[in-house]
Amino acid sequence: MRTWSFDRYHAVIDRDDAPGPVTVVDIDDASLGAVGQWPWPRDRMAALVDALTRAGTQVIGFDVLFADPDRLSPHRLADCVPDAAAADALRRLPDNDEVFARSIMASRVVLGHGSRAPATGRGADDRPPQSRIAVLSPDQTLYTPGIVTGLSDIPTLVRNVDVIEQAAVGAGVFTTFLDSDGVVRRVPAVVRVGETLQLGFAVEVVRVSLGARGLLLHVDGNGTPVGLTIQGRTIPVDPDGRIWVPFGRSVETVPAHRVLDGSVDPARLAGRIVLIGSSAAALADLYLGPRRIAAPGVKLHAELIEGILGDRLLSRTAAATVVELAMALLGGILLIALAPGRRLRVQILLLAVILTLIAAVAGAALLGQRAILDATFPALSVIAVTCLLGLAGYRQEERLRLLHQRQIGRRDALMHGIVEASFDTILSVDARGRIATANAAASTLFDRPAASLIGTALVDHLEPDPPDMPPLDTVAPLVAISRSGSPGERLLLRTGRSAIPVDIAVTEMVDHGETMFVVVLHDLTARRVAEDLAQRARQRLEDAIERVEDAFALYDRDRRLVLCNSAYRRLFGSAHEEIGAGTAYAECLRAMIAARNAPGSALEEPEAWIVRQIAEFDNPPPPMDRLNEDGRWWSVRAQRTREEGLVSFLVNIDAAKRREAELDASQRRAELASTAKSAFLANVSHELRTPLNAIIGFSELIRRRTFGAIENPRYADYVDNIHESARFLLQLIDDLLDVAQVETGSVKIEDALFDVGVLVASAFRMVQTLAADRGVTLVPEIPPETPGLRGDPRLVRQALLNLLNNAIESTPSGGWIVTRTALDRRGAMRISIEDTGAGIAAETLAVLAEPFQRGDHPMIRNRSGTGLGLAIVKAFMQAHDGTLELESSLGHGTVATLVFPRARVVARPRAAVTG
């Protein structure tokens with residue numbers, strides 16, 4: 001169908017006789033008769049090229065292959081001449097191929113390459129041809145030729161004699177391919193020769209005529225060719241890399257012998273593209289085109305060149321397949337949407353319309369856009385869909401007919417079963433008001449067999465509700481109920497036991513010209529019981545809500561009040577009687593504002609506050625405390641219900657707010673008292689240090705007998721007691737001053753870099769005498785590579801001294817104390833002091849770092865001290881952003897660890913404390 005469309009296009013279009021840019025120099029039968037049989041000597045071919053060059057031709061293309069050296073060259077003829085002198089003279093003459101090559105070099109000549117070796121001559125040429133093609137992907141990336149798919153493969157080429165080949169400015173492959181019917185419709189634009197891509201002869205002539213050094217082959221994402229670009233001119237190609245030839249132009253033709261004898265006006269050749277080929281029957285270079293008329297191959301190339309330069313090419317790209325599929329799909333959808341349920345002739349008419357549209361689209365694309373569309377697939381597709389729809393419709397009608405017959409047979413039984421299975425009583429009543437049929441449920445409702453109801457008047461079993469209404473008569477009530485459009489009416493049914501409330505629904509119908517009534521009776525006894533229970537449950541709920549002291553309200557999803565208690569109504573002030581169930585949420589808020597039961601912002605901008613509250617209705621905020629304008633505090637809580645309503649609670653918290661204020665005041669007073677105590681303690685301690693220093697100094701002079709001996713030995717003992725007591729009291733005052741600084745927050749540190757090992761050694765020297773007196777061994781385990789610290793070395797030394805003094809005092813004679821340093825996995829510095837002392841109980845360890853706390857072991861309990869040492873150490877570590885860790889148990893010693901954060905660890909301290 002695709003080739004048929006192509007052929008029909010060329011059959012209906014008129015031939016274009018306007019002169020094109022190409023002239024064919026035809027080696028016809030007359031030229032063979034005038035010049036001689038083929039092949040002509042190459043010097044004659046050179047003369048032909050020279051004549052065309054003098055005429056000013058633009059490009060000369062040879063649809064002729066010069067694969068073998070000229071057999072009529074003088075040096076070849078010399079081998080056949082017996083006269084030696086004549087043979088030598090012939091050998092001195094120029095070679096015909098060289099003469100031809102010089103003529104070619106003087107012009108712009110394009111040669112041709114063949115894909116098959118000639119009947120006589122040399123075979124295929126294995127020399128790698130030069131490629132002038134670059135491959136460009138959709139993302140503008142240059143690819144290697146190996147990715148291109150679908151091209152015609154030519155393993156090797158038959159090329160021209162080297163001297164002639166090298167003289168030409170270009171060469172293209174003039175091989176053509178026949179369709180299955182023997183007609184030439186497409187010519188390769190690009191072929192694959194081994195590992196390279198080569199241009200077709202016509203495209204190569206166009207390239208040379210446009211002066212392009214190369215061209216771009218555009219491919220899609222799969223490597224399939226979509227087009228060529230030469231000097232901004234686009235040439236569409238099909239997925240096989242071929243061009244559909246635009247047949248129909250009248251190409252100007254000049255016999256070759258007239259060019260040789262100079263009888264052709266040079267103006268006819270000036271500036272034109274000249275193709276040299278042959279139409280002679282003896283050379284067999286003929287082909288069949290779409291019109292089924294034999295034409296020479298050179299004319300095929302001429303028409304293709306004129307089509308390229310005149311933008312007259314037909315194209316079939318990958319998009320054509322998409323369009324064909326779309327036409328098939330749309331045609332099928334139209335049939336599926338419109339054809340089912342219609343008569344056969346309507347379906348056939350619809351099919352004809354769709355086929356006409358498909359043919360019109362294909363024709364419009366071909367004539368208007370020169371795009372070749374294959375209408376065969378869409379047409380066959382819609383025809384197949386039409387047949388399937390017709391078959392499916394017939395089967396559907398047959399199936400429905402059989403199904404309808406079966407349904408008719410089962411309808412009565414089914415309806416009878418439904419009526420009998422109904423929990424409601426279903427009666428049929430005739431025009432006289434007599435019961436004609438009754439289902440099984442009637443036996444239960446009437447408290448008598450259903451069969452006994454047949455023939456009785458329905459109104460005899462009914463009475464009005466309430467009973468003081470007028471009595472019912474004949475069928476008038478049934479007609480009234482049926483025509484009222486009401487789904488039911490409440491009546492009382494008289495039975496053997498009592499009067500039962502029922503709903504009655506009546507449908508009036510005509511059966512074979514006789515009026516009938518279908519009556520449905522529904523027992524309302526259970527509903528009344530349920531309504532009574534629901535009413536009592538609601539009453540209990542309202543009583544419970546009313547007894548809640550807090551304000552409570554429930555709103556529905558439409559922001560309307562459902563119910564609330566009296567505490568909530570009091571928030572409305574004088575408007576509480578006007579607000580009830582169904583009042584809008586916004587109106588309730590306005591009543592609260594009017595009663596001044598709203599915050600001050602609500603009174604200043606009431607509408608803005610109401611808008612915010614309505615916005616929070618769908619997304620309630622967390623519980624919050626609210627101060628109303630009247631000075632009362634409320635705790636406001638709101639939650640969404642499952643029905644997307646809102647439950648609101650308002651709890652008066654005035655008493656709680658008063659207690660909170662009293663607690664805040666008490667706490668402030670306690671803090672002021674503590675601050676005053678700490679300040680007083682610091683002042684008193686400072687005043688006591690001056691006389692204590694005097695006592696210590698004078699007692700030291702007396703102990704050393706600086707101004708003479710002490711006559712009474714008892715005075716010496718007194719002096720020692722005075723000196724020791726004064727030093728103890730001074731240490732106590734220093735601790736109290738440190739505690740006062742801690743409590744007032746006046747502990748300040750000076751950041752400096754120091755060596756941990758030097759600082760620990762300094763602390764050891766200061767307690768060495770005390771440790772020796774108590775028989776305790778001090779063991780420092782400080783690695784040389786221990787990093788330094790940034791902090792206040794005075795406070796760190798004081799912390800170490802406090803821990804060492806505690807460890808010495810709690811360690812018995814013969815024990816030892818080890819000081820270690822290490823970095824934990826987080827990079828923090830840990831300085832630990834481990835002793836073999838009495839240890840500390842777990843319950844005491846938790847509070848030991850608090851001021852005035854001491855261990856309860858007998859050995860610790862009897863020693864002097866205030867219990868401030870660890871509290872001071874803890875405060876000093878907190879000033880360094882560090883911590884104090886204690887690990888101990890009774891009888892197993894204690895480990896006290898100073899932990900400094902990673903930010904205070906320095907790899908190489910620039911300064912060191914030497915103690």
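In which helix do Glu 660 and Lys 657 both lie, and how many residues apart are they? Both residues belong to helix α21, which spans residues 654-703, and they are placed three residues apart, about one turn of the helix. In this predicted model, the side chains of Glu 660 and Lys 657 form a salt bridge in which the closest N and O atoms are 3.9 Å apart. Glu 660 counts as partly exposed, its relative accessibility being 40%. Lys 657 also takes part in a contact of another kind, since its charged end sits over the ring of Trp 633, at 4.3 Å from the ring centre. An arrangement of this kind is found again for Arg 186, whose charged end sits over the ring of Trp 244, 5.5 Å from the centre of that ring.

The structure as a whole holds 24 salt bridges, among them the one between Arg 42 and Asp 97, where the closest N and O atoms are 2.7 Å apart. Arg 42 lies in helix α3 (residues 42-54) and Asp 97 in helix α6, so this salt bridge ties together parts of the chain that are 55 residues apart in sequence. Both partners are placed in the buried class, Arg 42 with a relative accessibility of 9% and Asp 97 with one of 3%. Another salt bridge is formed by the side chains of Glu 165 and Arg 159, with a distance of 3.6 Å from N to O. Here too the partners are buried, Glu 165 having a relative accessible area of 13% and Arg 159 a relative accessibility of 10%. The limit that matters for these four residues is 20%, because a residue is called buried when its relative accessible area is under that value.

Helix α6 also takes part in an aromatic contact. The structure holds 10 aromatic pairs, including one between Phe 62 and Phe 100, which is edge-to-face, with 5.7 Å from centre to centre and an angle of 90° between the planes. Phe 62 is located in strand β2 (residues 59-62) and Phe 100 in helix α6 (residues 96-105), so the pair ties together parts that are 38 residues apart in sequence. At a relative accessibility of 0%, Phe 62 counts as buried, and Phe 100 likewise counts as buried at 0%. A second aromatic pair, formed by Phe 552 and Phe 649, is tilted, with its ring centres 5.2 Å apart and its planes at 55°. This pair links distant parts of the chain, with Phe 552 in strand β25 (residues 551-555) and Phe 649 in strand β29 (residues 646-652), 97 residues apart. The two rings fall into separate accessibility classes: Phe 552 is buried, with a relative accessible area of 12%, whereas Phe 649 is partly exposed, with 33%. Phe 62 and Phe 100, for their part, belong together with Phe 66 to one aromatic cluster.

Strand β4 (residues 133-136) has pairing partners in both senses. With strand β11 (residues 215-219) it pairs in the parallel sense over four bridges, and within this pairing Ala 134 stands opposite Leu 216. With strand β5 (residues 142-143), β4 runs antiparallel and is joined by two bridges, Leu 136 standing opposite Leu 142. Strands β4 and β5 form a hairpin that has five residues between the strands, and in this hairpin Gln 140 takes a positive phi near 65°.

The confidence of the prediction varies along the chain. The protein averages a pLDDT of 79, and 82% of its residues score at least 70. The highest mean, 94, belongs to strand β2, whereas the lowest, 41, belongs to helix α26 (residues 858-861). Two stretches with a pLDDT below 50 may be noted: residues 117-121 have eight contacts in the model beyond near neighbours in sequence, and residues 909-915 have 23 such contacts. Where pLDDT is low, the predicted coordinates should not be read in detail.

Conventions. Residues numbered from 1 in each chain as written. Predicted model: local features only at pLDDT ≥ 70, side-chain atom pairs only at ≥ 80, totals over all residues. Heavy atoms only, no water. Phe/Tyr/Trp six-rings, centres within 6.5 Å; stacked < 30°, edge-to-face > 60°. Buried < 20%, exposed > 50% of the residue type's maximum accessible area, 1.4 Å probe, protein only. Lys NZ or Arg CZ within 6 Å of the ring centre and 35° of its normal. Salt bridge = Lys/Arg side-chain N within 4 Å of Asp/Glu carboxyl O. Pairing = 2+ DSSP bridges. pLDDT = per-residue confidence, 0-100. Contact = heavy atoms within 4.5 Å.
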